[in-house]
Amino acid sequence: MKKRNFMAGILAISFALSSAAAMAQADLAKGEVKKIDESAGKITLKHGPIKNLDMDEDGMTMVFRVQDPAMLKQVKVGDKVQFQAERATAGITVTKIEKQK
Ligand SMILES: [Cu+2]
């Protein structure tokens, strides 16, 4: 009985993880780079809706932190980008960014 509950728990956890990963994939938001501050590790993006942050408005400009300063070298001001952002204790953080194709 105990072992069965444990297995059910494992199944529930792996299901939750895979659906979270699938959701994260669909959460790429669109934006345009307005400003890059490499020394502060920040990027200003004019962005469209960010579903996972409950931001529905289009054309909002705000400053994001970046998870890794190297990400700021992949883009430049004026680039149209796709990105993923998460709410972290330090502020809203971009965890992934790429140029829009
Ligand atoms: Cu915003």
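How many bridges join β2 to β3, and do these strands run parallel or antiparallel? The points below answer this and then describe the rest of the chain.

1. **The β2 and β3 pair.** β2 and β3 run antiparallel, and six bridges join them. One residue pair illustrates the arrangement: Lys42 has Arg65 in β3 as its bridge partner. The loop between these two strands contains Asp54, a residue to which point 7 returns.

2. **Status of the model and its confidence.** The structure is a predicted model. The chain has a mean pLDDT of 88, and 88% of its residues reach 70 or more. Among the elements of the chain, β2 has the highest mean pLDDT, at 98, whereas helix α1 (residues 2-26) has the lowest, at 68. Predicted coordinates should not be read in detail where pLDDT is low. The remaining points are concerned with the strands.

3. **Order of the elements.** One helix and five strands make up the elements of the chain. Read from the N terminus, they follow the order α-β-β-β-β-β; the helix thus precedes the strands.

4. **The barrel.** The five strands close into a barrel, in the order β1-β2-β3-β5-β4, with mixed pairing. On average, neighbouring strands of this sheet are turned by 55° against each other, direction ignored. As a reminder, strands of a sheet pair through backbone hydrogen bonds, in either a parallel or an antiparallel manner.

5. **The antiparallel pairs at β1 and β4.** Strand β1 (residues 29-37) pairs with strand β2 (residues 42-47) in the antiparallel sense, over six bridges. Within this pair, Glu32 has Lys46 in β2 as its bridge partner. Strand β4 (residues 80-88) likewise pairs with β5 in the antiparallel sense, here over eight bridges. Val81 is bridged to Lys99 in β5. A hairpin is formed by β4 and β5, with two residues between them.

6. **The parallel pair.** Which strand pairs with β3 in the parallel sense? The partner of β3 (residues 60-66) is β5 (residues 91-99), and the pairing extends over two bridges. The bridge partners in β5 are Thr93 for Arg65 and Val94 for Val66. Arg65 is also the bridge partner of Lys42, and so the residue takes part in bridges to both β2 and β5.

7. **An exposed loop residue.** Is Asp54, in the loop between β2 and β3, buried or exposed? Asp54 counts as exposed because it has 8 C-beta neighbours inside 10 Å, and the limit for an exposed residue is 12 or fewer. The phi angle of Asp54 is near 60°, a positive value in a residue other than glycine.

8. **The nonpolar core.** Buried residues make up 15% of the 101 residues in the chain. The largest nonpolar core has 13 residues, of which Ile43, Phe64, Phe83 and Val94 touch the most other members. Two or more residues of this core come from each of β2, β3, β4 and β5. The greatest contribution is that of β4, with three residues.

9. **Contacts of Phe64 and across the chain.** With neighbours within four places in sequence left aside, Phe64 is in contact with Lys42, Ile43, Leu45, Ala85, Ile92, Thr93 and Val94. Ile43 and Val94, included in that list, are also among the core residues that touch the most other members. For the chain, 46% of the contacts between residues at least 6 apart in sequence join residues at least 24 apart.

Methods: Residues numbered from 1 in each chain as written. Predicted model: local features only at pLDDT ≥ 70, side-chain atom pairs only at ≥ 80, totals over all residues. Pairing = 2+ DSSP bridges. Helix = DSSP H or I, 4+ residues; strand = E, 2+ residues; numbered from the N terminus. Axes fitted to C-alpha atoms, helices over the stretch in contact; angles between N-to-C directions. Buried ≥ 20, exposed ≤ 12 C-beta atoms within 10 Å, placed from the backbone. Contact = placed C-beta atoms within 7 Å. pLDDT = per-residue confidence, 0-100. Core = buried A, V, L, I, M, F, W, Y, C linked by C-beta atoms within 7 Å.
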